[in-house]
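Work through the exercises below with the sequence and the model at hand. Each task is followed by a solution in steps.

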Amino acid sequence: MKNIFSLAAAFLFYILFCSSGNSFSISTDPEPSTLSREEALSTITSQEFKDHLDFLASDEMKGRNTPSPELNKAADYIGAEFKRCGLLSPEGIENYIQWWEFGKEKAPNCIGYIPGTDPVLKDEYVVIGAHMDHVGAAMGQIHNGADDNASGTTGILELAEAFSSLKEKPKRSMVFMTFGGEEKGLLGSRHYVQNPVFPLDKTVAMINLDMIGRSEKNYLFIGGVETADKWEELIDGLKDKYNFDLETAPGGVAPSDNTNFFRKGIPVLFFFTNVHEDYHGPGDDPDKINFETAHNIAKLVFEVAYEVSFTDIKLEFKKIEQPALPSNFNQKMMERFGGMPNQKRLGIFPAEEVDETELKSLNLEEGCSAIKVDQVEKGSVAKKCGVKSGDFIVKFNGTSLSSDDPLRHLTKMIRKVEENKEIPITIIRDGQEMTLTAIWKSKEDKKKDNKF
Ligand SMILES: [Zn+2]
């Protein structure tokens, strides 16, 4: 009986998978270690991108804040995918999760790897990483972080599957990582480089994917292209078939996890499609993701990582400290926040949830709102003027915060604040309204302070 069955099955398989016109219509859940390079590349699809991202950036994930049960759930999801693809969990790491301390709580990094096969190069490591956390919720609005950074995390999942589906095994060992705590200051990747699972001096490259989901007109930015002598030549040789509107920058420093690896003398690449009007806002949702370009970016990463992992190319590190950001990054941040990222900050982390009754108890005027302070950054302007966790900020420089997007409103006002001037910040603490005085010192004055 079997024979007839297997013949029929084979015929059915052909109908389903091979007659769909494209030469490599391989199932997008390929068996590990069966495919050629081109076949593995074609397992990276925009549909699968959508499936992963829709889950990671769904409301039930509550914006994957660090620490949170939802971030742990994302880590479990990623670990399960690594397992399904046949990646190994490193020695001493249970179920692909490296836990690290965040205050009294703990937060995850995910690590899975494909061991190299070359007798020498197998002890060298190529890291492909992305942060999986986002900012959670602010003012009761979930920030799903579809682009930031469910898109990069999905890229890691697609790449892990594609590389593990290859019949040929890499010469160097390939390490797939997702980090927690990026939004809180690159904490997860900092923990990793301070507690590396694989020796950093044997880590030959780190490729970082952060916000690859909102490309406009096929735009792609790659930072760090001069942090290794051969990056530019490699990318030049591979990029043409994707017709990206490609912008590159030489330096290895960016507001993302590649910076921690770069600081350890490791060549890095930073894949990014730039900030947009929903950056760190409640509107960063899956329905705005450009899956077509996002999955093509993952394909280019596949090709670059393949060259570094499957050949004995030698990458020489170059310490190019310049910030790796698109040329119009500042202008885009101005459009988004009304100012530059590294300009004035207050130094608070807003509370995720503020229940309506609490807000009502503040008796604010119609159309006004407040920001509940969750944490106050050490040494910040907020700390210096006495803002405390649990305070409600209701007015800034005499202006009430609008109920539309109080965080954006406050950020905009802070950006425009005059230096060395006393700025009243009105807060409500334990039902009592009080005014604190904040001062943003000019650089010179700050220097004088430091000298002191
Ligand atoms: Zn990010």
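Helices (H or I, at least four residues) and strands (E, at least two) are DSSP runs, numbered from the N terminus. The expected span of a helix is 1.5 Å times one less than its number of residues. The model is predicted: local features need pLDDT of at least 70, side-chain atom pairs count only at pLDDT 80 or more, and totals for chains, interfaces and linings use all residues. Residues are numbered from 1 along each chain as its sequence is written, and side-chain values use heavy atoms, with hydrogens and water left out.

**Exercise 1. Helix α4**

Compare the span of α4 with the expected value, then list its buried residues and what covers them.

Step 1. Helix α4 covers residues 69–84, which is 16 residues. From first to last C-alpha it reaches 22 Å, close to the 22 Å expected at 1.5 Å a residue.

Step 2. Buried means under 20% relative accessible area, exposed over 50%, and partly exposed in between (1.4 Å probe, protein chains only). In α4 the buried residues are Glu70, Leu71, Ala74, Ala75, Ile78, Gly79, Glu81 and Phe82. An α-helix has 3.6 residues a turn, so residues three or four places apart point the same way.

Step 3. The cover over these buried residues includes α3 (46–56), β1 (97–102), β2 (105–114), α5 (146–164) and β6 (173–179); contact means heavy atoms within 4.5 Å.

Step 4. Just after α4, Gly86 has a positive phi of about 90°.

**Exercise 2. The nonpolar cores**

Which residues of the largest nonpolar core touch the most other members?

Step 1. A nonpolar core is a set of buried Ala, Val, Leu, Ile, Met, Phe, Trp, Tyr and Cys residues joined through side-chain atoms within 4.5 Å.

Step 2. The largest core has 67 residues, and those touching the most other members are Phe82, Ile128, Phe163, Phe176, Trp231, Phe271 and Phe302. Helix α9 (residues 291–309) gives the most to this core, with 11 residues.

Step 3. Leaving aside residues up to four places away in sequence, Phe302 touches Arg37, Ala40, Leu41, Ile44, Leu159, Ala162, Phe163 and Leu166. Apart from the largest core lies another of 22 residues, among them Val373, Leu410, Met413 and Ile425.

**Exercise 3. The zinc site**

What coordinates the zinc ion, and where do His131 and Asp148 lie?

Step 1. Donors are N, O and S atoms within 2.8 Å of the metal (3.2 Å for Na, K and Ca); water is not among the atoms, so sites may look incomplete. His131 (NE2), Asp148 (OD) and Asp210 (OD), the last listed twice, coordinate the zinc ion at 1.9 to 2.7 Å.

Step 2. The donor residues follow the spacing H-x16-D-x61-D. His131 is in strand β3 (residues 125–131) and Asp148 in helix α5, 17 residues apart.

Step 3. His131 is buried because its relative accessible area is 0%, and Asp148 is buried at 2%.

**Exercise 4. Unusual backbone**

Where are the cis peptide bonds from Thr66 to Pro67 and from Asp148 to Asn149, and what is the phi of Asn95?

Step 1. Most residues other than glycine have a negative phi, and most peptide bonds are trans.

Step 2. The Thr66 to Pro67 bond is cis, with omega near -15°; Pro67 is in the loop between α3 and α4. The Asp148 to Asn149 bond is cis too, with omega near 5°, and Asn149 is in helix α5.

Step 3. Asn95 has a positive phi near 50° and sits in the loop between α4 and β1. Asn95 counts as exposed because its relative accessible area is 55%.
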